[in-house]
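Here is a set of exercises to work through with the model open beside you. Try each task before you read its solution.

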Amino acid sequence: MSGDTLYIRGLRIDTFIGIEGWEQQLRQTISMDLELAVDVATAAAADDLGATLNYCAIASRLIEFIENRHFQLLETLAEQCAQLLLSEFAVNWLRLRLAKPDAVAAAAEVGVVIERGAR
């Protein structure tokens, strides 16, 4: 496998996230960065979207998956998103960064970074 990476930065999705009661009633915006291992050589040679990962389809699927669910922990959300990507998009390796802006008054954001699969 090559060292090629498709990425999505700053995907913003509104969802219900948190352990406090008000957090389960009020949508909050989370921000996601993704890095996905992909070999772009075949797609590049043929100029064929079907031979690579479709970042629009990935973003749309994640939005659909996240926006109407309730999560307590960022860790849970990150793990479920990683499993979705590994199973539905045949991704072998990914790095997912999930941030919750303004969760801590003195910080711009808090979050978690996970890696799953093997390059």
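**Exercise 1. Glu23 in its loop**

Task: Work out where Glu23 lies in this predicted model, whether Glu23 counts as buried or exposed, and which partners the Glu23 side chain reaches.

Solution:
- Step 1. Find the place: Glu23 belongs to the loop that links strand S1 (5–17) to strand S2 (28–37).
- Step 2. Judge the burial. The relative accessibility of Glu23 is 8%. Because buried means under 20%, Glu23 counts as buried.
- Step 3. Look for polar partners. The side chain of Glu23 comes to 2.9 Å from the backbone nitrogen of Ile19. With the side chain of Lys100, the Glu23 side chain makes a polar contact of 2.7 Å.
- Step 4. List the wider surroundings. Once neighbours within four places in sequence are set aside, Glu23 is in contact with Phe16, Ile17, Gly18, Gln28 and Lys100.

**Exercise 2. The overall plan**

Task: Describe the fold as a whole: how many helices and strands does the protein have, and in what pattern do they follow along the sequence?

Solution:
- Step 1. Count the elements: there are 3 helices and 5 strands.
- Step 2. Read them along the sequence, and the pattern is β-β-α-α-β-α-β-β.
- Step 3. Take the dimensions: the C-alpha trace spans about 50 × 25 × 20 Å along its principal axes.
- Step 4. Turn to burial: the protein has 119 residues, of which 37% count as buried.
- Step 5. Consider contacts between residues at least 6 apart in sequence: 59% of them join residues at least 24 apart.

**Exercise 3. Helix H2 and its start**

Task: Check the span of helix H2 (residues 55–66), then find which of its residues are buried and what they pack against.

Solution:
- Step 1. H2 has 12 residues, which should span 16 Å at 1.5 Å a residue; the end C-alpha atoms are 16 Å apart, so the two values agree.
- Step 2. Pick out the buried residues of H2: Ile58, Ala59, Leu62, Phe65 and Ile66.
- Step 3. Ask how these are arranged. They cover an arc of only 130° around the axis, so they sit on the same side of H2. As background, an α-helix has 3.6 residues a turn, so residues three or four places apart point the same way.
- Step 4. Follow that side outwards: the buried residues of H2 pack against S1, S2, strand S3 (70–71) and helix H3 (74–88).
- Step 5. Look at the N-terminal end of H2. Asn54 caps it, with a side-chain oxygen 2.9 Å from the backbone nitrogen of Cys56.

**Exercise 4. Leu53 and its contacts**

Task: Locate Leu53, decide whether Leu53 is buried or exposed, and say which residues Leu53 touches.

Solution:
- Step 1. Leu53 sits in the loop between helix H1 (41–46) and H2.
- Step 2. Its relative accessibility is 11%, so Leu53 counts as buried.
- Step 3. Compare chain and space: Leu53 and Val38 are 15 residues apart along the chain, and their C-alpha atoms are separated by 7.2 Å.
- Step 4. Leaving out residues up to four places away in sequence, Leu53 touches Leu6, Leu36, Ala37, Val38, Ile58, Phe89 and Val91.

**Exercise 5. Helix H3 and the residue after it**

Task: Find which residues of H3 are buried, and which elements they pack against.

Solution:
- Step 1. H3 has 15 residues and reaches 21 Å from its first C-alpha to its last, close to the 21 Å expected.
- Step 2. Its buried residues are Leu74, Leu77, Ala78, Cys81, Ala82, Leu84 and Leu85.
- Step 3. Seen down the axis of H3, these fall within an arc of 160°, so they line one face of the helix.
- Step 4. The buried residues of H3 pack against S1, S2, H2, S3, S4 and S5.
- Step 5. Move past the helix: H3 is followed by Ala90, whose phi is positive, near 50°.

**Exercise 6. Two positive phi values**

Task: Place Ala90 and Asp102 in the chain, and decide whether Ala90 and Asp102 are buried or exposed.

Solution:
- Step 1. Recall the background: most residues other than glycine have a negative phi.
- Step 2. Ala90 lies in the loop between H3 and strand S4 (93–101), and is exposed, with a relative accessible area of 62%.
- Step 3. Asp102 is not a glycine, yet has a positive phi of about 60°. Its loop runs between S4 and strand S5 (109–117).
- Step 4. At 65% relative accessibility, Asp102 counts as exposed.

Definitions and conventions
Residues numbered from 1 in each chain as written. Predicted model: local features only at pLDDT ≥ 70, side-chain atom pairs only at ≥ 80, totals over all residues. Heavy atoms only, no water. Helix = DSSP H or I, 4+ residues; strand = E, 2+ residues; numbered from the N terminus. Buried < 20%, exposed > 50% of the residue type's maximum accessible area, 1.4 Å probe, protein only. Polar contact = N/O pair within 3.5 Å; in protein donor to acceptor, adjacent residues only side chain to side chain. Contact = heavy atoms within 4.5 Å. Expected span 1.5 Å × (residues − 1). Arc of directions from axis to C-beta.
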